[in-house]
Amino acid sequence: MLALRMPWPLPALMAWAGAWLVFVALQRAAVPPVGALVAACLLGTAASVLGGSWWRRGLIAAGFPLSLALLGAASLPTWAWLVPLALLLLVYPLNAWRDAPLFPTPRHALQALAVQAPLPLGARVLDAGCGLGDGLKALRHAYPAAQLEGLEWSWPLRLACAALCPWAQVRRADMWKADWSPYRMVYLFQRPESMARAAAKAQAELAPGAWLVSLEFAVPGWLPSAQLRAPGGRVVWLYRMPLNRVEA
């Protein structure tokens, strides 16, 4: 996505301007102020996925309602100011905050994966925490004959991912509670502190010979089966079940 490559703060400025345009246009069309607020905040919250970190996403989503409040440009009931918070929690549920922010997988990051980790035709491959589907697209490039599936906790992101990746099965689910045992490969782009938990789950549920693949972050204390240097310098870590501990 072009906006994801824009230098900061251009994504925020574009989102704020777009929200204000929507708000002003709806006000002129005689839409009640609360309705115009909801529509503008929806745009700002949707655009927040363009932020590369939690604080940037928060700024993008909160910019319009904060500026509206400071300017006093609309007469709104007190409860209406809960709308931006409710929309933000809808896209980024509290129980998903412990997982990785919405960092997109680069398009060609996994292009050499099939060489190091060949899979049989029709193998089931899971993108755990699929966001908007960038990881699924990269996996499809690497494994065009695989059955690709994605798990995403946020309802809006799950719906957007399903629309953007109609060839994949995308479900709303908690990646940590879902069963990983049917999959020949589980792909992650998580936080460093999540990797030990992911490795424990993979070790307990994935069958021998299945793969745990992580972009950027290694599993502490475990020996990778292979690693790839993705375009742009990022490392792809491959772990084949069962895991092997690093010798002290």
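# Asking how we know

Trainee: Let's start with the end of β7. Which residue of β8 stands opposite Arg-229?

Mentor: Val-235 stands opposite Arg-229. Keep in mind that this is a predicted model.

Trainee: What makes β7 and β8 a pair, and in which sense do they run?

Mentor: Two strands pair if there are at least two bridges between them. β7 (residues 226-229) and β8 (residues 235-240) have four bridges, in the antiparallel sense, so they pass the test. They also form a hairpin, with five residues between the strands. In that turn, Gly-232 has a positive phi of about 95 degrees.

Trainee: How do the side chains along β7 point, and which are buried?

Mentor: They alternate: Ala-226 and Leu-228 point to one face and are buried, while Gln-227 and Arg-229 point to the other and are not. That fits the general pattern, since side chains in a regular strand alternate between the two faces of the sheet.

Trainee: What about β5, then: why is it called largely enclosed?

Mentor: Just count. Five of the five residues of β5 (residues 211-215) are buried, so the rest of the structure largely encloses this strand. Trp-211, Val-213 and Leu-215 point one way, Leu-212 and Ser-214 point the other way, and all are buried.

Trainee: Which strands is β5 joined to?

Mentor: β4 (residues 185-188) is joined to β5 by four bridges, and those two run parallel. Within that pairing, Met-185 has Trp-211 as its bridge partner. To get from β4 to β5, the chain passes through helix α8 (residues 195-205), making a right-handed β-α-β crossover. β8 is joined to β5 as well, by five bridges in the antiparallel sense. Here Val-213 stands opposite Leu-238.

Trainee: Now the helices. How do you know that the span of α1 agrees with what it should be?

Mentor: Helix α1 has 19 residues (10-28), which at 1.5 Å a residue should span 27 Å. The end C-alpha atoms are 27 Å apart, so the two values agree.

Trainee: And which residues of α1 are buried?

Mentor: Pro-11, Ala-12, Ala-15, Gly-18, Ala-19 and Phe-23. They cover an arc of only 135 degrees around the axis, so they sit on the same side of α1. There's a general reason for such patterns: an α-helix has 3.6 residues a turn, so residues three or four places apart point the same way. The face turned away from the buried side of α1 carries exposed residues, Leu-21 and Arg-28.

Trainee: Val-24 is in α1 too. Why does it count as partly exposed?

Mentor: Buried means under 20% relative accessible area and exposed means over 50%. Val-24 has 32%, so it counts as partly exposed.

Trainee: How do you know that the buried residues of α2 are on the same side?

Mentor: First, who they are: Ala-36, Leu-37, Ala-40, Cys-41, Gly-44, Thr-45 and Ala-47. Their arc around the axis is only 160 degrees, which means they lie on the same side of α2. The span of α2 agrees with expectation too: its 15 residues (33-47) should span 21 Å, and its end C-alpha atoms are 21 Å apart.

Trainee: What is special about the phi of Ala-30?

Mentor: It is positive, near 70 degrees, in a residue other than glycine. Ala-30 is found in the loop between α1 and α2. With 66% relative accessibility against a cut-off of 50%, Ala-30 counts as exposed.

Trainee: How many disulfides are there?

Mentor: Zero. The two sulfurs must be within 2.5 Å. For Cys-161, the nearest cysteine sulfur is that of Cys-130, 3.7 Å away, and Cys-161 is in no disulfide. Cys-165 is in no disulfide either; the nearest cysteine sulfur, that of Cys-161, is 4.4 Å away.

Trainee: Are Cys-161 and Cys-165 buried or exposed?

Mentor: Cys-161 is buried, with a relative accessible area of 0%, and Cys-165 is also buried at 0%.

Trainee: One more: what kind of peptide bond joins Met-241 and Pro-242?

Mentor: A cis one, with omega at about -5 degrees. Pro-242 is found in the loop between β8 and β9.

Terms used: Residues are numbered from 1 along each chain as its sequence is written. This is a predicted model: local features need pLDDT of at least 70, side-chain atom pairs count only at pLDDT 80 or more; totals for chains, interfaces and linings use all residues. Side-chain values use heavy atoms; hydrogens and water are left out. The expected span of a helix is 1.5 Å times one less than its number of residues. Buried means under 20% relative accessible area, exposed over 50%, partly exposed in between (1.4 Å probe, protein chains only). The arc is that of the directions from the helix axis to the C-beta atoms. A crossover is right-handed if, with the strands pointing away from the viewer, the path from the first strand over the helix to the second runs clockwise.
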